[in-house]
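Here's a quick tour of the fold you have on screen, put together for someone who thinks at the bench. Keep the viewer open and click along as you read.

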Amino acid sequence: MTIWEMLAVFAAGISAGGINAVVGSGTLITFPVLLATGLPPVTATVSNALGLVPGAISGAIGYRAELAGQRRRVLRLSAVAAIGGSCGAVLLLTLPSTAFETIVPVLVALALVLVIIQPRIAQAVQRRRESKGTPAHPDGGPPLLAGLFLASVYGGYFTAAQGVMYVALMGMLIDDTLQRINAVKNVLAAVVNSIAALFFLFVAEFDWTAVLLIAVGSTIGGQIGAKFGRRLSPTVLRGIIVAVGTVAIVQLLFRRFG
């Protein structure tokens, strides 16, 4: 890499770390930059996954106040995310890239719709529970575990808009505030990225320069994003998620059909 390419990758890492802490989809910034430096797609994906691990952990630490009282929930959901992320990492090295690129924009679009209508769905679910006298499941129950597993498979494969999917699923099935759900999202993203990274270290090619630049940048960005994101109202946070997710869809479609 030239010095200018290194600066671009570092700056992309900061931006990705910040966006991941607030919403997710930071890969949509780092991945194109890595490709522009001349890295092959799979090498860029692997290097990006490795580099974003410290940033994901940084974002989760930044949301530690919102994680208070969620230990049991985080452990249970993290176990499912780890299994799904491992499957996704295997798929990255065994399936052609076009296998997921066709369906990913549809999944992201569905997640955005769910994020938008999540308050109404949550209210409807709550009314139904009250009418039947059944309490809400603290961890979302089997439907959430199944959805998170599939989202984590995708996360281990590519990660772009993974956070949007997590927020959409948990927002519908967990009776809690959006900020606390976002905090759990950061932990799940850190788990999936870490699992995929451990797998890639032994079986995939990556670029150490890119990994280190993104790692340092995303760690800084994770703290900045957490500090900013924790102050947002649920409405504003939901709006940012939808905006970033829409950009993700456009970019994914352009990569697939452009």
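Let's start with one side chain: Leu212 comes out at 52% relative accessibility, so it counts as exposed. Keep in mind that this is a predicted model. Leu212 sits in helix H10 and belongs to a nonpolar surface patch, which is a good place to begin before moving on to the overall fold, a helix pair, the salt bridges and a few single residues.

**The nonpolar patch**
- Leu212 shares the patch with Val42, Leu93, Leu198, Leu201, Phe202, Val203 and Trp208.
- Taken together, the patch residues offer about 820 Å² of accessible area.
- Which helices each supply at least two residues of the patch? They are H9, running over 178-203, and H10, running over 208-229.
- H9 gives the largest share, with 4 residues.

**The overall fold**
- You're looking at a protein with 11 helices and 0 strands.
- Follow the sequence and the pattern reads α-α-α-α-α-α-α-α-α-α-α.
- There are 258 residues in the protein, and 52% of them are buried.
- Take the contacts with a separation of 6 or more: 83% of them come from residues 24 or more positions apart.
- On the outside, the protein exposes about 11,500 Å², and carbon and sulfur atoms supply 71% of that.

**How H1 meets H9**
- Besides feeding the patch, H9 packs against helix H1, which covers residues 3-22.
- Their axes are 8 Å apart and make an angle of about 130°.
- Parallel or oblique? Because the angle is about 130°, and the roughly antiparallel class only starts over 145 degrees while the roughly perpendicular one ends at 115, H1 counts as oblique to H9.
- On the H1 side, Asn20, Ala21 and Val22 make the contact; on the H9 side, the residues are Asn182, Lys185 and Asn186.

**The salt bridges**
- How many salt bridges turn up when the whole structure is searched? The search finds 2.
- One of them joins the side chains of Arg73 and Asp176, at 2.9 Å from N to O.
- That pair ties together distant parts of the chain, 103 residues apart: Arg73 is in helix H4 (residues 71-94), while Asp176 is in the loop between helix H8 (162-173) and H9.
- Asp176 also forms a salt bridge with Arg180, and here the closest N and O atoms are 3.0 Å apart.
- Put the pairs together and you get a network of salt bridges linking Arg73, Asp176 and Arg180.
- Is Arg73 buried or exposed? Its relative accessibility is 11%, so Arg73 counts as buried.
- Asp176 has 24% relative accessibility and therefore counts as partly exposed.
- Arg180 has a relative accessible area of 21%, so Arg180 is partly exposed as well.

**Ala16 in H1**
- Back in helix H1, have a look at Ala16.
- Ala16 counts as buried because its relative accessibility is 0%.
- Which residues does Ala16 touch, once you leave aside its neighbours within four places in sequence? They are Gly26, Ile29, Thr30 and Leu52.
- Thr30 is 14 residues from Ala16 in sequence, and the C-alpha to C-alpha distance is 6.6 Å.

**Pro32 in H2**
- Pro32 lies in helix H2, which spans residues 27-36.
- With a relative accessible area of 30%, Pro32 is partly exposed.
- Pro32 and Ala44 are 12 residues apart along the chain, with 8.7 Å between their C-alpha atoms.

**Val167 in H8**
- Helix H8 is home to Val167.
- Val167 has 3% relative accessibility, so this side of the story is simple: Val167 counts as buried.
- From Val167 to Gln179 there are 12 residues in sequence and 9.8 Å in space, C-alpha to C-alpha.

Terms used. Residues are numbered from 1 along each chain as its sequence is written. This is a predicted model: local features need pLDDT of at least 70, side-chain atom pairs count only at pLDDT 80 or more; totals for chains, interfaces and linings use all residues. Side-chain values use heavy atoms; hydrogens and water are left out. Patches are made of residues with over 30% relative accessible area and no salt bridge: like charges are joined within 9 Å, nonpolar side chains (Val, Leu, Ile, Met, Phe, Trp, Tyr) within 5 Å. Accessible areas come from the Shrake-Rupley method with a 1.4 Å probe; for residues, only the protein chains shown count as cover. A salt bridge is a side-chain nitrogen of Lys or Arg within 4 Å of a carboxyl oxygen of Asp or Glu. Buried means under 20% relative accessible area, exposed over 50%, partly exposed in between (1.4 Å probe, protein chains only). Axes are lines fitted to C-alpha atoms, for helices over the stretch in contact, and angles run from 0 to 180 degrees between N-to-C directions. Angles under 35 degrees count as roughly parallel, over 145 as roughly antiparallel, 65 to 115 as roughly perpendicular and the rest as oblique. Contact means heavy atoms within 4.5 Å.
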